[in-house]
Amino acid sequence: MNLAALVDQDVAAAAPAENAGSMLRLLTCGSVDDGKSTLIGRLLWESGAVPDDQRAAVLAASKGRSNLNGEEIDFSLLLDGLQAEREQGITIDIAWRFFESQSRRYVIIDAPGHEQYTRNMATGASHADVAILLIDARHGAKRQTRRHAAICDLVGIRKVVLAVNKMDLIDYDEATFRRIESEFHEMVKSFGFEEVQAIPVAALTGDNVSGQSARMPWYDGPSLLDYLEGVEPAMEAVDAPFRFPVQTVLRHGDFRGYAGTVASGVIRPGDRILDARSGLAAHVKRIATMDGDRDEAAKGDAVAIELDAELDISRGAVLSEADDAPVNGDVVEARIVWVSEAPFDPEAGYLLLTNTDQVPVSSISISALIDFETLRSAPAHACTVNDIADCRILLGRPAAFDLFKDLPATGNFVLVSAIDGATVAGGVITFAQSGAATPENTFVLSRDLLARGLCSDLGDSPSDRAEFERRAQEAANLLRSVGVPVIIEI
C-alpha cells in the first residue's frame with residue numbers, strides 16, 4: 001500500500017500502456033468555487049474530447065442555470081457527475097477524464113476544493129505529474145489554496161501551473177494578476193516546486209485556455225494547453241536503484257519465486273540482490289511471468305523473481321541492489337496529512353503500511369504543523385483532520401524505507417487504526433534510522449545539553465516546551481544534513 005491508497009480506487013489511473021511515454025497526468029486543485037471543473041470542462045470541450053451525444057446533454061442541462069455569466073454552456077457538468085455535485089455546484093469526489101491532443105495523451109484528475117474532501121484531493125495528487133492550482137482572481141489565495149499547495153509539495157509534485165481564473169470578472173486587470181503571481185511565488189518559496197508557470201485565464205469564456213486571449217494583450221506567455229503540450233512528465237532517474245517489494249512467495253515443485261511489481265530501477269538474471277530486512281543476498285536466477293521468462297524487468301513490471309539460493313523472505317520484504325539498499329529502520333521521521341475525523345491520539349494503536357509491509361507502531365510524537373496562513377512549520381503536539389504535521393514514529397520492528405525525496409515509490413506510507421483498519425493518515429519519509437540507535441554510534445541531543453545551550457532562554461510554559469522541541473528537531477536536521485547520526489532524548 002502507498003500514499004495513493006488513502007481511499008479505495010475505482011479509477012483507470014493509467015491510460016493504455018502503448019502510448020505511456022507521451023502521457024501526462026494533470027491534477028486540478030484549489031479552493032471551492034475557484035472554477036476547476038469549469039476550466040477542465042472547457043479544455044475537454046475545445047479539444048474535441050466530448051462525444052456529440054454528451055455535448056447535446058450538457059447543452060440541454062445548461063439551460064436555465066444561473067451561474068454562466070451570459071455563456072450558454074455550463075462546462076462543469078462534464079466533470080461533476082454525482083447528483084449532489086450538480087445540485088450544489090461543487091466537486092465532491094475525484095473525477096478522472098482522458099483526452100488526446102495531436103502530440104500526447106492526458107489523464108485529468110479533477111480534485112474537490114471543499115476542506116472536508118481534502119482526503120480525496122490528496123489521493124488524486126499522489127498520481128499527478130503536474131498540478132494546475134486555481135485561484136479566483138477576485139479573492140486571491142485562500143486557506144484551502146495554501147493547503148492544496150502544501151499537499152502537492154508533500155506528494156512530490158514539482159511542476160505547478162498557477163491558473164489565475166475568472167479574469168473576466170476583474171476586467172482582465174494585469175495588476176491584479178501580477179500581485180497574485182508575486183504573492184504565490186513568495187508563499188511557496190520554501191517548497192520543492194521546480195517550475196511554477198502563472199497563466200491568467202477565464203475558464204467560462206475560454207481566454208488563454210486553448211489559445212491566446214485577445215483580451216489580455218499584456219500577457220505574452222503560453223496558453224494553458226500550449227504549456228501542457230510542452231511540459232515534461234515526471235520521470236524516474238535512469239540510474240534509479242532497484243526496488244522490489246515482495247507481495248507473495250510462489251511455490252510450484254522446485255520453483256520458489258518472489259512475486260511483486262518493480263517499484264524502481266531494472267533487474268536482470270545474474271544480478272546480485274539483497275533483502276534489506278534480513279541482510280541476506282543472492283543472485284537472480286530467473287525472471288518469470290505468465291508469458292514466459294524475461295531478460296530484464298523494469299519499473300511497473302509484475303514478475304516473479306527466482307534466486308540461486310533459498311532465502312527466508314516473505315511478504316513485506318524489499319529486494320534491492322546489494323550495494324544500494326534501503327534503510328532497515330525502526331525510527332522514522334515523516335511529514336503526514338491527517339485524514340481521519342478522529343484527531344491524533346498518542347495512546348491509540350496504529351499500524352504503518354508500506355507497499356506490501358504492515359508494521360506495528362510503538363509510538364508517534366507530533367513536533368510541528370504547517371500553518372496554512374504562512375505555510376511555515378509551527379511547534380505542535382497534536383493534529384486533527386486535514387492537518388499536515390511533522391512527526392517521529394517508533395516502530396515495533398524494523399522495516400525497509402527510502403527517503404521520499406530519493407525514491408518516492410518506497411518512501412511513502414499509510415497509517416491505519418490497529419483497531420478497525422481505518423486509514424488515519426498518509427505520509428512521506430524524511431529520515432530513517434538504521435536499526436536501534438545507541439549512544440555508542442550516535443550523537444545524542446539530550447535535554448540537559450540543549451537546556452545549557454541552544455534552549456537556555458526557554459522556560460517551562462507550554463509554548464516554551466513546544467519551542468524547545470522545535471529547536472531540537474531543527475538542530476537534529478542540521479546535523480543529519482552533514483552526515484551525523486542523531487537521536488533526540490528530551
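## Exercises on side-chain contacts in a predicted model

Cys 152 is buried, with a relative accessible area of 2%; buried means under 20%, exposed over 50% and partly exposed in between (1.4 Å probe, protein chains only). The model is a predicted one, in which local features need pLDDT of at least 70 and side-chain atom pairs count only at pLDDT 80 or more, while totals for chains, interfaces and linings use all residues. Residues are numbered from 1 along each chain as its sequence is written, and side-chain values use heavy atoms, with hydrogens and water left out.

**Exercise 1. Determine how many disulfides the structure holds, and examine Cys 152 and Cys 383.**

Step 1. Apply the cut-off: two cysteine sulfur atoms within 2.5 Å make a disulfide. The structure holds zero disulfides.

Step 2. For Cys 152, the nearest cysteine sulfur is that of Cys 29, 4.0 Å away, and Cys 152 is in no disulfide.

Step 3. Cys 383 is in no disulfide either; its nearest cysteine sulfur belongs to Cys 391, at 7.9 Å. Cys 383 has 4% relative accessibility and so counts as buried.

**Exercise 2. Classify the aromatic pairs Phe 99 with Tyr 106 and Phe 177 with Trp 218.**

Step 1. Rings of Phe, Tyr and Trp (its six-membered ring) pair if their centres lie within 6.5 Å; planes under 30 degrees apart count as stacked, over 60 as edge-to-face and the rest as tilted. This rule gives eight aromatic pairs.

Step 2. Phe 99 and Tyr 106 are 4.7 Å apart, centre to centre, with 10° between the planes, and the pair is stacked. Phe 99 and Tyr 106 are buried.

Step 3. For Phe 177 and Trp 218, the ring centres are 5.7 Å apart and the planes are at 40°, so this pair is tilted. It links distant parts of the chain, 41 residues apart: Phe 177 is in helix H6 (residues 174–187), and Trp 218 is in the loop between strand E6 (195–200) and helix H7 (224–230). Helices (H or I, at least four residues) and strands (E, at least two) are DSSP runs, numbered from the N terminus.

Step 4. Phe 177 and Trp 218 are buried. Together with Tyr 219, they form one aromatic cluster.

**Exercise 3. Describe three salt bridges by their distance, their place in the chain and the accessibility of their partners: Arg 178 with Glu 174, Arg 397 with Asp 357, and Arg 470 with Glu 467.**

Step 1. A salt bridge needs a side-chain nitrogen of Lys or Arg within 4 Å of a carboxyl oxygen of Asp or Glu. The whole structure contains 28 salt bridges.

Step 2. The closest N and O atoms of Arg 178 and Glu 174 are 3.3 Å apart. Because the two residues are four apart in helix H6, about one helical turn separates Arg 178 and Glu 174. Arg 178 is partly exposed at 32% relative accessibility, as is Glu 174 at 31%.

Step 3. Arg 397 and Asp 357 meet at 2.7 Å, N to O. The residues are 40 apart: Arg 397 is in strand E19 (residues 388–401), and Asp 357 is in the loop between strand E16 (350–353) and strand E17 (358–371). Arg 397 is partly exposed at 27%, whereas Asp 357 is buried at 6%.

Step 4. Arg 470 and Glu 467 meet at 2.9 Å, N to O. The residues are three apart in helix H9 (residues 462–481), so about one helical turn separates Arg 470 and Glu 467.
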